[in-house]
Amino acid sequence: MIIDGKAIAAALRREVAAGVEAMQRERGVTPGLAVVLVGEDPASQVYVRSKATATREAGMGSFEHKLPADTAEARLLALIAELNQRADVHGILVQLPLPKHIDASKVIEAIDPAKDVDGFHPVNVGRLAIGEPALAPCTPTGCLVLAKTVRPELAGLDAVVIGRSNIVGKPMAQLLLGQSCTVTIAHSRTRNLPDVVRRADIVVAAVGRAEMVRGSWIKPGATVIDVGIQRVEDGAGKSRLVGDVAFAEAAEVAGAITPVPGGVGPMTIACLLKNTLEAARATPR
């Protein structure tokens with residue numbers, strides 16, 4: 001089974017749009033998302049445009065703030081303080097990476113946790129860790145949604161998360177624990193990594209190394225969620241996008257697997273919209 005992230009993300013976005021419409025009708029409130037971009041990183045510009053388009057398509061308010069690369073840290077913090085106070089802004093996202101002269105941790109901590117739709121604020125990280133309701137990071141949230149389309153009940157399954165980043169690996173492990181999975185976090189220092197992966201009913205690969213996870217590592221029937229995306233040369237002067245998993249090999253063994261592209265990627269923005277709607281719903285009347 002190839003897990004169709006595009007179709008699942010589209011369904012989630014329709015669900016969010018319906019929730020936005022209901023909120024406008026019942027409370028007279030339009031959820032609003034503010035996205036802040038500092039500098040002119042080409043990939044970040046593409047992401048910001050995609051997020052703005054998706055936000056408007058969902059019927060939400062979209063507020064874009066594009067600042068030059070030499071913006072002072074104090075100026076960015078002042079903007080965040082302003083957005084924290086705005087009643088029409090329910091979600092705030094500062095596009096990473098930031099220029100080197102700006103302390104990303106200080107910026108993330110300046111965002112009101114109730115508006116932290118990226119799920120990176122220490123308050124949301126802590127709440128997720130202790131099993132309290134929290135805004136969770138969008139990519140791992142999307143991964144969980146995809147895994148549950150294969151098996152709605154995950155309790156008792158063995159899950160291996162390859163990668164320990166704050167953005168994907170660690171929150172992914174917390175979300176799977178919240179589903180009562182038995183979770184192992186594997187990383188670059190893990191011994192006998194193929195053997196660790198072979199026992200997993202669910203594999204989430206988020207290590208950033210092209211096709212590192214081989215088909216021989218996969219337990220027959222396992223669900224494989226591939227977060228990675230890299231462009232590699234094919235030897236004939238052309239390039240192609242691949243994930244962290246050797247797709248053709250793994251697809252022969254896995255029960256279900258996400259493709260790259262078209263798997264996890266579309267879910268990230270859909271879950272960002274979902275988080276923004278949830279943040280708006282949690283705002284006191």
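These legends walk through several close-up views of one predicted model. Because the model is predicted, local features need pLDDT of at least 70 and side-chain atom pairs count only at pLDDT 80 or more, while totals for chains, interfaces and linings use all residues. Residues are numbered from 1 along each chain as its sequence is written, and side-chain values use heavy atoms, with hydrogens and water left out.

**View 1. Strands 2, 1 and 3 form an open sheet of three strands.**
The order across this sheet is 2-1-3, and the pairing is parallel. Helices (H or I, at least four residues) and strands (E, at least two) are DSSP runs, numbered from the N terminus, and two strands pair if DSSP finds at least two bridges between them. Strand 2 (61-67) and strand 3 sit at the edges, each pairing on one side only. From one strand to the next, the twist averages 15°. Look for the seven bridges joining strand 1 to strand 2; Val-35 stands opposite Glu-64 in strand 2. Helix 2 packs on the sheet, where it touches strand 1, strand 2 and strand 3, and its direction makes about 160° with that of strand 2. Angles here run from 0 to 180 degrees between N-to-C directions, and axes are lines fitted to C-alpha atoms, for helices over the stretch in contact.

**View 2. Strands 5, 4, 6, 7 and 10 form an open sheet of five strands.**
Here the order is 5-4-6-7-10, again with parallel pairing. The edges belong to strand 5 (182-186) and strand 10 (256-257), each of which pairs on one side only. Five bridges join strand 4 to strand 5, and Val-161 stands opposite Ile-185 in strand 5. Over at strand 10, two bridges link it to strand 7 (residues 223-226), with Val-224 opposite Ile-257. How much of strand 4 is covered? Four of its five residues are buried, meaning under 20% relative accessible area (exposed is over 50%, partly exposed in between; 1.4 Å probe, protein chains only).

**View 3. Helix 6 and helix 7 lie across strands of the five-stranded sheet.**
Helix 6 crosses strand 6 (202-205), strand 7 and strand 10, running at about 155° to strand 7. Helix 7 (residues 169-178) lies across strand 4 (158-162), strand 5 and strand 6, at about 170° to strand 4. Spot Leu-177 in helix 7: this residue is partly exposed, with a relative accessible area of 47%. Leu-177 and Asp-4 are 173 residues apart in sequence and 24 Å apart in space, C-alpha to C-alpha.

**View 4. Helix 6 and helix 10 pack together at an angle of about 105°.**
Their axes are 8 Å apart. The two helices are therefore roughly perpendicular (65 to 115 degrees; under 35 is roughly parallel, over 145 roughly antiparallel and the rest oblique). Among the residues that meet are Gly-142 and Val-145 in helix 6, and Cys-271 and Leu-272 in helix 10; contact means heavy atoms within 4.5 Å. By class, this contact has six nonpolar, five polar and no charged residues. Ala, Val, Leu, Ile, Met, Phe, Trp, Tyr, Cys and Pro count as nonpolar, Asp, Glu, Lys and Arg as charged, and the others, Gly among them, as polar.

**View 5. Helix 10 has buried residues that pack against several neighbours.**
Buried residues of helix 10 include Ile-269, Leu-273 and Thr-276. The buried set packs against helix 1 (5-27), strand 1 (32-38), helix 2 (42-57), strand 3 (91-94) and helix 6.
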